[in-house]
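Hi,

Here is the structure I promised to pass on. Have a look at it first, and then read on for what I found in it.

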Amino acid sequence: MKQAAPRLIELVEECKSLAFDLNFSYAKEWKKQSPDRLLVGYLPIYVPRQIMHAANALPVGIMGVGDRKQIIKGDAYYQSYICHLPRGIIEMALDHNLDDFDGFLFPSICDCVRNLSGMFKLVHKGKFTRYFDYPQNFDEHIGGTFYRELLETIINDMHLLNGVNISIEALNRSISLYNKNRKLVETIYNIRQDYPWRLSATDVYHIIRAGMVINVEKHNEILEEVIRYIEEDYGEPMDNIRVIISGSFCEQPPIGLIKSIEMAGCYIIDDDFMLGSRWIQDDINGTTEDPLNELVISFLTKSTASSAIYDVGNPRSARLVQLVKRRNADGVIFCAASFCDPALLDRPELQKACDAEGIAHINFQFHENTGQFKVIKEQAGTFSDSIKLWV
Amino acid sequence: MIYTMGIDIGSNFIKLVLMEYSENSKIVDKHTEKIRKRNPTQVADEMVQLMLDKHGLKYENIAYLASTGEGDLVKRKRGHFYGMTTHSRGAHFFYPEARTVVDLGALYVRTIRINQDARVEDYKMTGQCASGSGQFLENISRYLGLSIDEVGEISLQSGNPEVSSGICAVLAETDVINMVSRGIKTPDIIKGIHLSIASRIIKLLGSLKAESPIVLTGGMALNKGMIQAIEETLKEGSKNFIIKAHPDSIYAGAIGAALWGGYRHYKLLEKQAVAI
């Protein structure tokens, strides 16, 4: 049996250390290279990273502390019935992990993240802090105008700090680079759909998450190299079921949980872990005279299914069913963070849609610092057996 | 006929079976190895290789090698089945009329209600406390200077069992130390431990709404003292269950894995044929 190339293992290890570096050393080193470089931190789920890239800023995904930092101060900021993500992030801020950051964007996913943007202002973190409110009206003249003004505000925030005026060419170039990035990420998912044993779900997770904290040019190089290796045949297929994970788009599951699901006999062939990097479902036109408008239009018309988007007319339940069919999945694992209102409130509708289509599903909840996976492994294991033996 | 293999990685022992899978499947060979302080992955791999060599087979000749238990420690395999699924199938292989399975493992006891096809309908298991487990019994036997293999017979000699805590392994171990210092006879101590474990099992069976016959599987299933204690406790509660334990009950998980592996092999072939 042919084994994975040593270089691929090396690449995954590199991505692993980048993805979970809570000091963001790579980003801070990148900033030091030039005085007009900026670091703009953003929380899950989505921000258009192209505008930051074009403004000589590095968009840095702050995806939580996982199980790698003990929360002490963060617990004083949030009640016990609030999810774990914001308490970890405020802990990082108070521990000076984010001191070199110039600005922070807080996408509108829930009240807790909205409150976190206020807390960052109160503790004076960053030179600008913006609550990034997605438009929920998809009319170009209403939601589009609102969204464009929001992007222009952030562009102005950055301009005031480094004096960079974003040119049409620069924004078009950034759009093209991120188009390539999304295509490469999608290629990895497509290869895994047919050959999930070539790269584990945790490896994919590390590779994609690393892209949140490094520049897109470097991430594209890594992705291209990974694809070259996984296009070759190696490893041995296991008799596992194929599942889609739904509900982990904001607070991220611990790596042990992803590993446990796979060990229990489930190939994760699609997920919403790093949804922001796969948000726009097609290429954005990177050749026009008004690239900012292209970003606006793509958000209004090409956004992925998400709890952060008002979805009447194109319900995410139907889109989940479509994804299950497209990926030829055997079932769905609803895996949301405890107290994650957006994911947990959506779940009944999504489950109903799965039931109507005869799609098997199970559900459980986690914290980003969950350390015990026995029960989850048991659930996933019996789910896998029930599909393998009785469907 | 095809060959299948099932390997059950427990916390103390690794169990391996080679089977001829057909409508009348049969065990070709079986082997158990205590892990001791060795690397379980390496032990498992060596066991498989030795079994293959012994029968002049290659890995490619095995249609499906299935793991169960801590299956991620097995590197060379085709699939994995969860312990509850495999023990149920193993018990059904021994006694097709089985409707309840009690898996007496090293770290927990699990009671499983199954249907006529060995499909799991419901289960109840002990929590993280160790006092209902085989490991606990092994620890106690070690304190008393006994081998785990002899505790069953010794328990049968008891005339006046001294029941210990059925709730907590730590308390039970303290109880045992006190019993020794009070001069309680060894058979009475052992029987008391068996009764204590049995009472926990009976509670699980009650909440499971178990049906007869009950088949015992796992490492403790052949412990005669344990079986007697379960039967006595059931009688005390006026419950008429038939208890069965097969001589190969320690292999139930591995047998179940091998049998489900065979089933999956043909199912996958069918799927491929449909796809073509």
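The domain assignment splits chain A into three parts: domain 1 takes in 1-27 + 168-236, domain 2 is 34-166, and domain 3 is 238-391. Before you go further, keep in mind that this is a predicted model.

Let's start with domains 1 and 3 of chain A. Their centres, taken over C-alpha atoms, sit 19 Å from each other. At the place where they meet, 21 residues of domain 1 of chain A are in contact with 23 residues of domain 3 of chain A. Which elements give two or more residues to the domain 1 side of that meeting place? They are α8 (168-194) and α9 (201-210) of chain A. The largest share comes from α8(A), which supplies 11 residues. Sorted by class, this side of domain 1 of chain A has 11 nonpolar, seven polar and three charged residues.

Now for a pair of helices in chain A. Helix α1 (residues 6-19) and helix α10 (residues 216-230) of chain A pack at an angle of about 145 degrees, and their axes are 10 Å apart. The crossing of α1(A) past α10(A) is left-handed. If you want to find the spot on screen, look for Arg7(A), Leu8(A), Leu11(A) and Cys15(A) on the α1(A) side; they meet Ile222(A), Glu225(A), Val226(A) and Tyr229(A) of α10(A). What classes do the residues of this contact fall into? Six are nonpolar, two are charged and no polar ones take part.

One residue I'd like you to click on is Val164(A). You'll find Val164(A) in the loop between α7 (140-162) and α8 of chain A. Is Val164(A) buried, exposed or partly exposed? Val164(A) has 17 other C-beta atoms within 10 Å, so it counts as partly exposed; a buried residue would need 20 or more, and an exposed one would have 12 or fewer. Leaving aside residues up to four places away in sequence, Val164(A) touches Asp36(A), Ala55(A), Asn56(A), Met158(A) and His159(A). Try Pro196(A) as well: Val164(A) and Pro196(A) are 32 residues apart in sequence, and from C-alpha to C-alpha they are 44 Å apart in space.

On to chain B. Chain B has eight helices and 10 strands. Its C-alpha trace spans about 70 × 40 × 30 Å along the principal axes. Why does the radius of gyration of chain B agree with that of a compact globule? With 276 residues, such a globule would come out near 19 Å, and chain B has 20 Å, so the two agree. Of those 276 residues, 47% count as buried. If you take the contacts in chain B with a separation of 6 or more, 71% are between residues 24 or more positions apart.

Chain B also has a domain assignment: domain 1 is 2-87 + 251-275, and domain 2 is 96-245. The centres of these two domains of chain B are 28 Å apart, again over C-alpha atoms. Where they touch, eight residues of domain 1 of chain B are in contact with 12 residues of domain 2 of chain B. Helix α2 (residues 83-94) of chain B gives the largest share of the domain 1 side, with three residues. By class, that side of domain 1 of chain B has three nonpolar and five polar residues, and no charged ones.

Have fun with it!

Terms used. Residues numbered from 1 in each chain as written. Chains lettered and ligands numbered in written order. Predicted model: local features only at pLDDT ≥ 70, side-chain atom pairs only at ≥ 80, totals over all residues. Domains from an automatic or database assignment. Contact = placed C-beta atoms within 7 Å. Helix = DSSP H or I, 4+ residues; strand = E, 2+ residues; numbered from the N terminus. Nonpolar A, V, L, I, M, F, W, Y, C, P; charged D, E, K, R; others polar. Rg over C-alpha atoms; globule rule 2.2 N^0.38 Å. Axes fitted to C-alpha atoms, helices over the stretch in contact; angles between N-to-C directions. Left-handed = near helix turned anticlockwise from the far one by under 90°.
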